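This report covers one helix pair, one chain interface and one long-range length check. The sequence and the structure come first.

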Amino acid sequence: MRDPPEKLRAAHENLRAAHGMNDHRPDPDQLLAHVQAEEARAKRGRLRIFFGASAGVGKTYGMLEAAHSARAATNADVVVGYVEPHGRVETERLLEGLERLPTLAVKYRGIVRYEFDLDAALARRPGILLVDELAHSNVVGGDPPPRHPKRWQDIEELLEAGMTVWTTVNVQHLESLNDLVAQITGIRQRETLPDRVFDEADEIELIDLPPDDLLARLHAGKVYVADEVATAVERFFRTPNLMALRELALRRVADRVEAAARALTATRGRGRLAGDRVLVAIGPDEQAEQLVRAGKRIADALDAGWTVVYVETPALLRLSETERDRRIDLLRLAESLGAETVTLDGPSAAATLIEYAQTRNATRVIVGSPKRSGWRSWLQSSTPVQLVQHARDFDVITIAVPDQATPRRSPSSSAGVNGTPTPIRWDRYAWAVFTTAVCTAIAFVLYPRFELSSLVMLYLLGVTIAGLRLGRGPSLLTSLLNVAAVDFFFVPPRYTFAVADVQYLVTFAVMLIIALVIANLMASIRQQTRVAGARERRTALLYAMSRELAATRGLSSLARVAVNHLAEVFQCKAAILLPDATGKLQYPGDPRLDVSFRRADLAVAQWVVDHGHRAGLGSDTLAAAPGLYLPLGDERQRLGVLAVLPENQRRVLLPEQRHLLETFAGQIGIAIERARLAEAAEAASLDAERESLRNTLLASISHDLRTPLAVMAGAGSTLADRGATLDEQTRVSLARSIETKAREMSDLVSNVLDLMRFESGQVVLRTDWEALDDLVGTALNSVEQRLAQHYVDLRLPADLPAVLVDAKLIVQVFANLFNNIGKYTPAGTHVAVTAAADGKFVRVMVDDNGPGLPPGDPARLFDKFQRGDEEGAIVGVGLGLAICQAIIKAHGGEIEAHRRTPGARFEFTLPASGSAT
Amino acid sequence: MHQILAVEDEPDIRRILRALLEGDQYRFIEAETAERGEIEARSHKPDLLLVDLGLPDGNGIDLIRRIRTWSPVPIIVLSARTMEEQKIAALDAGADDYVTKPFSTPELLARVRAALRRHVRGAEQTPLLRMGAVQIDLARRESRGPQGELHLTPLEYRVLESLARHTGLIVRQAQLIREVWGPERLGDTGSLRVCMKNLRAKVEPDPRRPRYLVTEAGLGYRLRAD
């Protein structure tokens with residue numbers, strides 16, 4: 001195809017016309033998206049770009065003039081953020097009378113540069129802010145370091161903060177035109193601006209000046225030329241160059257106008273052709289960069305989404321690390337041009353591409369023109385040819401790339417990756433020689449009984465094994481050695497390389513070819529297995545983390561689990577920073593976090609959580625930072641920040657590693673959100689439980705308190721009114737019943753109070769080493785009355801270890817259990833207390849042979865207000881066992897109730913020392 | 001006849017105390033506030049104080065502290081506060097015993113008698129202890145049980161001496177350790193526990209349910225000699 005854009009545009013027009021005839025109604029989703037975009041735009045500040053074909057056309061002048069007239073017309077609050085006057089008198093004059101922000105002094109290699117001060121602008125918040133040179137690069141290595149490497153990113157932040165910004169830019173700075181401009185002028189522009197920023201600008205003002213006028217201005221010394229361009233000034237400012245640049249600028253603005261008109265039509269009822277998708281297939285070669293830019297232009301012309309695909313085939317895996325690193329730069333370039341990027345694994349580039357194109361419903365696939373020549377192109381068809389042969393649902397566009405070397409941009413230095421070629425594994429070559437030796441040894445044994453053809457098979461088996469185990473180089477060596485060995489040892493005349501019969505030459509040739517093919521195939525399979533293994537490992541790692549996260553409760557343990565997994569997978573230090581109640585991020589209490597890591601970067605992390613964009617290493621913001629900061633959660637809910645400080649920066653710079661990291665971050669975000677929801681649900685259920693406790697308490701008190709109160713009131717009034725007429729015995733019994741009931745109420749009240757204290761977490765254990773028999777004895781003394789009619793048998797072993805408990809509380813546990821036995825078992829019941837050491841615990845059993853537990857789940861007995869006998873005559877709200885449970889749990893033990901025949905067993909554990917007291 | 005001063009803001013409790021103590025032949029003086037309490041204590045020089053902790057004009061613990069600056073008179077705290085921290089704070093301020101409301105009247109009277117006994121004897125040692133069938137002569141270091149002579153170690157005698165100085169009253173663990181082992185062993189509750197276990201094995205009729213050497217969980221020990 002000689003001129004793809006022309007043909008494409010024609011095809012597209014046809015399709016659009018056909019589409020337009022069928023359906024004029026706008027797609028509701030599209031309309032909604034449009035409305036949302038409009039809303040977002042309303043909050044955002046407006047960007048106005050003064051656009052020119054080259055330096056010297058008067059963009060800055062035009063901007064300042066417009067500023068003056070805006071001030072005169074609407075009294076707008078205009079502030080100059082940064083303008084490079086370059087000593088031009090006209091510009092200087094226009095700057096007078098405008099408020100100017102102070103510039104920021106940045107030290108860089110001993111020189112002080114004056115840069116635009118982003119924070120000063122954010123603090124000043126003017127109505128209109130003027131910032132010259134949109135494509136300017138900030139001094140990344142300077143002091144203080146800039147927040148963003150590029151000025152356009154500063155301006156994005158200003159726009160997001162709602163400020164209106166006016167700026168200037170030249171056509172040669174636009175990323176997608178970078179190639180063309182370089183071809184026209186022979187000068188590669190290093191400062192580029194993503195097309196997206198230009199396209200999303202609210203207003204573009206074209207400052208146009210005919211080339212002859214510009215040259216006249218140049219000669220009059222009215223054009224400032226930057227130092228680095230000064231040498232090339234003669235080459236640059238030539239009429240043909242300027243005309244071409246002017247045309248580019250005009251066309252770019254015209255395209256923009258057309259796109260705007262198209263967008264307007266779309267909202268009025270003409271949708272664009274849905275599902276248009278352009279795939280750009282690239283490899284690590286010279287033409288990839290041009291392919292990406294061409295892809296951008298074609299996708300723009302089609303108004304389609306586009307994806308840049310890099311297929312990692314076994315052949316590509318053999319490339320040196322440096323070459324593979326280029327891929328990082330390429331995919332980043334693609335992303336900066338607005339493409340989606342994907343890295344695929346597959347045995348053949350064509351097959352993988354076709355499969356992917358079909359799953360993504362791609363309509364066009366762009367590939368570079370084949371460069372393969374000679375015998376290889378005859379043996380195996382190139383990827384574009386294969387694509388064309390198998391393409392069903394998409395067009396294949398081949399981009400011819402001129403052979404003459406265009407000045408290539410140096411790979412981004414920020415990557416800082418030092419590639420090292422894979423070392424040659426000499427030991428494998430030794431194994432290759434050994435394989436031939438083994439084959440020969442076996443063949444020697446077989447030689448007298450078998451024909452030569454069978455021995456050749458044996459050697460082929462050797463090659464197969466070598467291919468599978470040793471890789472390509474060694475297996476090729478085995479193939480060659482095998483042929484030599486067969487010739488030397490077995491082909492007559494033996495022990496010479498001479499060949500008696502010519503037919504053996506055919507044998508050798510066939511044997512060599514088969515051996516080479518097998519070696520190649522086996523090595524490919526091996527490589528493929530390795531690729532598949534790596535992919536599987538990634539999936540397994542992700543799965544392992546997800547599974548562990550799912551089994552983890554509580555935010556801090558979640559963070560710990562996630563950090564451990566990340567550290568293992570990416571060989572990095574990682575931290576999860578979570579905001580406190582006020583939204584400020586907090587350091588995790590993880591001592592493994594590097595100290596400098598902790599000190600330097602909470603501010604960056606805070607920026608990330610506030611803006612929802614990632615920052616740090618390899619990102620657009622603060623790329624020079626040693627760590628990478630990813631936001632967790634989504635727009636609605638920013639949950640925190642994942643900070644990663646890799647030991648090897650490649651670990652997070654490689655696109656697939658970065659995608660994997662992002663997948664991990666996504667999983668962690670989900671887990672954190674789940675934990676947050678669980679916490680909220682728990683709090684809610686805790687509230688509900690408290691509420692129900694309060695209700696039960698009220699109901700219970702009305703019964704358990706009123707009954708004894710009635711007795712007391714009755715007995716008291718009887719004594720007061722009729723005391724004189726009653727006999728001594730009756731008086732005493734009435735008085736006694738008042739005393740007993742009062743005591744019961746007192747027990748009840750202290751039980752309720754104790755439980756409330758436990759529930760509200762006010763109880764602090766005052767633990768000490770205690771002897772269990774001492775505690776049981778004390779408890780028995782306190783319930784002496786209650787158990788007066790029972791037989792209590794203490795069977796505590798003499799060598800029982802001391803227990804580490806709060807003595808008062810454990811005495812209460814025993815007292816409550818004994819009280820229950822007193823209440824619910826008849827006189828004469830036998831009670832036995834036994835205990836045994838059980839690891840780090842002492843297990844205590846309190847048994848009785850009374851009537852046993854009530855029907856139902858014994859565990860329910862430990863719920864509040866459960867008692868064996870509902871509404872029975874025995875007073876004492878069912879709190880005793882609930883208190884026991886609270887106390888035992890506070891000690892880290894367990895308490896259970898079991899049925900015995902006859903009777904019941906209450907069994908609990910207490911923390912203990914290993915040694916006896 | 002012993003004089004007992006009750007500092008208590010609840011009139012009903014004062015009435016009950018008066019009935020109870022006057023019935024047992026004590027002279028009963030009462031005060032409603034901490035301030036009045038201190039004045040009554042200075043003017044009447046009572047033999048025993050019953051002090052409530054929650055008083056309208058201040059904390060009973062402060063009152064105890066002020067009285068302790070000039071008098072060793074036995075003080076029993078009478079309070080509805082059951083939390084251990086408060087008991088400890090009161091004992092540390094100088095109270096001799098702690099009775100929680102609601103109290104059983106025989107118990108209160110027993111405590112009052114014990115406290116008065118200590119006061120009468122002052123710091124003098126009780127030469128003879130009687131615990132059921134066991135008799136211990138602390139001065140001579142001789143003990144007899146139902147089966148004849150008992151052998152107590154010097155350490156056990158010193159523990160008994162220390163407890164006997166406050167017979168019927170709580171003795172804090174820390175105080176026992178300080179008096180018997182010395183202040184440098186404070187916190188070594190293990191030795192005290194072992195010693196107490198051995199003592200019980202020798203003097204208690206049923207060591208697993210001690211009646212004379214009683215543990216006050218979390219606070220200390222109490223000697224209940226006959």
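## Helix packing and chain contact

In this predicted model, a set of residues in H31(A), namely A:Leu809, A:Gln812, A:Val813, A:Asn816, A:Leu817, A:Asn819 and A:Asn820, meets A:Gly880, A:Leu881, A:Ile883, A:Cys884, A:Ile887 and A:Ile888 in H32(A). By class, the residues of this contact are 8 nonpolar, 5 polar and no charged.

H31 spans residues 807–824 of chain A and H32 spans residues 880–890 of chain A; they pack at an angle of about 150 degrees, and their axes are 9 Å apart. Because angles over 145 degrees count as roughly antiparallel, H31(A) is roughly antiparallel to H32(A). The crossing of H31(A) past H32(A) is left-handed.

Chain A also touches chain B: 21 residues of chain A are in contact with 15 residues of chain B. On the chain A side, the elements that give two or more residues are helix H29 (728–759), strand S19 (768–770), helix H30 (772–782) and H31. H30(A) provides the largest share, 7 residues.

The table sets out the residue classes of the two contacts.

| Contact | Nonpolar | Polar | Charged |
|---|---|---|---|
| H31(A) with H32(A) | 8 residues | 5 residues | no residues |
| Side of chain A that touches chain B | 8 residues | 6 residues | 7 residues |

Helix H22 of chain A (residues 503–550) has 48 residues, which at 1.5 Å a residue should span 70 Å; the end C-alpha atoms of H22 are 69 Å apart, in agreement. The buried residues of H22(A) are A:Met511, A:Ala515, A:Ile518, A:Ala519, A:Met522, A:Ala523, A:Met545 and A:Leu549.

Methods. Residues are numbered from 1 along each chain as its sequence is written. Chains are lettered from A and ligands numbered from 1 in the order in which they are written. This is a predicted model: local features need pLDDT of at least 70, side-chain atom pairs count only at pLDDT 80 or more; totals for chains, interfaces and linings use all residues. Axes are lines fitted to C-alpha atoms, for helices over the stretch in contact, and angles run from 0 to 180 degrees between N-to-C directions. Helices (H or I, at least four residues) and strands (E, at least two) are DSSP runs, numbered from the N terminus. Angles under 35 degrees count as roughly parallel, over 145 as roughly antiparallel, 65 to 115 as roughly perpendicular and the rest as oblique. A crossing is left-handed if the near helix is turned anticlockwise from the far one by less than a right angle, and right-handed if clockwise. Two residues are in contact if their C-beta atoms, placed from the backbone, lie within 7 Å. Ala, Val, Leu, Ile, Met, Phe, Trp, Tyr, Cys and Pro count as nonpolar, Asp, Glu, Lys and Arg as charged, and the others, Gly among them, as polar. The expected span of a helix is 1.5 Å times one less than its number of residues. A residue is buried if 20 or more other C-beta atoms lie within 10 Å of its own, exposed if 12 or fewer, and partly exposed in between; C-beta atoms are placed from the backbone.
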